[in-house]
Amino acid sequence: MKLLLIDRDPTELAGIKWFLHTYFPGDVLIDMCTTISDVPQYIRQFEPDAILLNIDMIPNNRLTSLYRDLQKLAGAILAVTTEPLFKNALKAIDLQVAHLFVKPIDLEVLKQKLTGISLRSPQNTDYAQEAANESFYNHLFLDTKSNSIETGIYFTIIEPEHTETYNKLYNWLQQTSIHFHMKTYPLSNRIVCLFQTQDIKLVEKDVRTLMKEWRLFSNSSLNIGIYDGPTTSIKNMYTLTKRTLHQSFYEGFGHIFYASKQFEIHPFDPLLTPEEQQLLISSLEEGNLEAVKTFLYRLSNEGIYYEQDDLRIHLTSVLAQIRRFMLKYKLHEKAVIEQNYRQLFHLIIEHPIFYTILNGIISFTQRLIELAREARMEKRADYVELALEIIDQQFKDSSLSLPFVARKLGISPNYLSTIFSKKQGLPFKRYIQQVRIQNASKMLVETDFAISEIAHLNGFDDPNYFIKIFKQQIGMTPHRYRKN
């Protein structure tokens, strides 16, 4: 296998190269590139089977020639990033990377991923079979003049639940009793099977048998797509059957999907609106896990489907709001929580089942809400003291309010209202009025300012309202108070 390493740090690349040569002695050729402008030349000359790429080096413009060169690459792309940011996740999705590492790279995981790539390269010694396979693959991916499948053949695609079992599945298919009337053609992570029969009922029976026997053999599931439409080209059959397998993202594994029963994709904006961001932050601050669940589960309404990549982008945006919440309460400083966050990031961009991703986000969010509640309990007096300091400095500003102070402290208005009342013994608004009236009383005695001016200088836009509040608290009008 030929591997191209791309990163700005030659020392780090040298360490990775040493590790891989130690583990794959003589089985892997490694080249290194430290300048992004030289990448296309390295790809053309070296022709790597896989690339380990620092995705931070890639420009944001998806229309660059470098993006096109990488997207055309036949080999697998493994990516590395310094920070799990949304823009880097988007690049990874655009390039369809096999795995996105967050530095420092877990070398054991890198070893596993490269082992999987090398296992997915079938080594055939039967040259007649190689020639037949080459012809089939040409028809599968190219628009040729004569590439319709012969009659009496049913086109199917088999997809394993766990990608690491791919090589095991392919070898198992060669030995199954059904193999004598089935031709198999391995792809990168799926296997095309051609059943030599005209009876779709027999095909359905065989694939159900395959699914049952594979579960007994490997304790995992398969999804199988069957092309059941009119006669067409092999390429069209492949495209339609592969598309119907996208339903596994919503339905899970252990199913048979038919190309004639495609689900309708609804338009969906993957980026969070400002209102959605505020809703998430408010729900987290208030410890409202049910609101978070409702927000997430709206994406999985029965019968409504969105593009898988759009959903993953959307959920990385959700994760960004969760990250803000973590940083506010310094939860990222807890090693286990930070590790769980990074695992959740990979779950969002890599896991094949949508429902598992949603449950992972909800479980992590529940834990954060509990930890944040503990942190707030520890700092309750501090928040009130900070609020008192803000009031003391800005009570003359008529726009001073509970939401304003809460926003400055980074907590919810409801939470500030609760802890303030408990500690001070009166509501937030009443406390501000008390401070303003106390200062106004002092000005009535020590200055000759008009009563209307004193009202404005103490945060009351309406002099009549000032007189009303003053009388409620002092027991007489400002004029009578000054005269006495």
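**Helix packing in a predicted model**

Good morning. I begin with one helix pair. In this predicted model, helix 11, residues 274-285, packs against helix 13, residues 308-328, at an angle of about 45°, and their axes lie 10 Å apart. That angle makes helix 11 oblique to helix 13. The handedness of this crossing is right-handed.

Which residues make the contact between these two helices? From helix 11 come Glu 276, Gln 277, Leu 280, Ile 281, Leu 284 and Glu 285. Helix 13 supplies His 314, Val 318, Gln 321, Ile 322, Arg 324, Phe 325 and Lys 328. Sorted by class, the contact of helix 11 with helix 13 comprises six nonpolar, three polar and four charged residues.

I turn now to a second pair. Helix 7 covers residues 166-175 and helix 8 covers residues 200-218; their axes come within 12 Å and cross at roughly 125°. Helix 7 and helix 8 are therefore oblique to each other. Here too I give the handedness: helix 7 passes helix 8 in a right-handed crossing.

On the helix 7 side, the residues involved are Lys 168, Leu 169, Trp 172 and Leu 173. They meet Leu 210, Glu 213, Trp 214, Phe 217 and Ser 218 of helix 8. The contact of helix 7 with helix 8 contains six nonpolar residues, one polar residue and two charged residues.

Next, a single residue. Gln 433 belongs to helix 19, which spans residues 428-446. Is Gln 433 buried or exposed? Its relative accessible area is 11%, and the cut-off for buried is under 20%, so Gln 433 counts as buried. Leaving aside residues up to four places away in sequence, Gln 433 touches Tyr 465, Ile 469 and Gln 473.

Finally, the chain as a whole. How many helices and strands does the protein chain contain? Its secondary structure comes to 22 helices and ten strands. The chain has 484 residues, and buried residues make up 46% of them. Among contacts with a separation of 6 or more, 67% join residues 24 or more positions apart. The chain exposes about 25,300 Å², and carbon and sulfur atoms supply 50% of that area.

To close, I return to the two pairs: helix 11 is oblique to helix 13, and helix 7 and helix 8 are oblique to each other. Thank you for your attention.

Methods: Residues numbered from 1 in each chain as written. Predicted model: local features only at pLDDT ≥ 70, side-chain atom pairs only at ≥ 80, totals over all residues. Heavy atoms only, no water. Axes fitted to C-alpha atoms, helices over the stretch in contact; angles between N-to-C directions. Helix = DSSP H or I, 4+ residues; strand = E, 2+ residues; numbered from the N terminus. Parallel < 35°, antiparallel > 145°, perpendicular 65-115°, else oblique. Left-handed = near helix turned anticlockwise from the far one by under 90°. Contact = heavy atoms within 4.5 Å. Nonpolar A, V, L, I, M, F, W, Y, C, P; charged D, E, K, R; others polar. Buried < 20%, exposed > 50% of the residue type's maximum accessible area, 1.4 Å probe, protein only. Areas by Shrake-Rupley, 256 points an atom, 1.4 Å probe, with all protein chains shown as cover.
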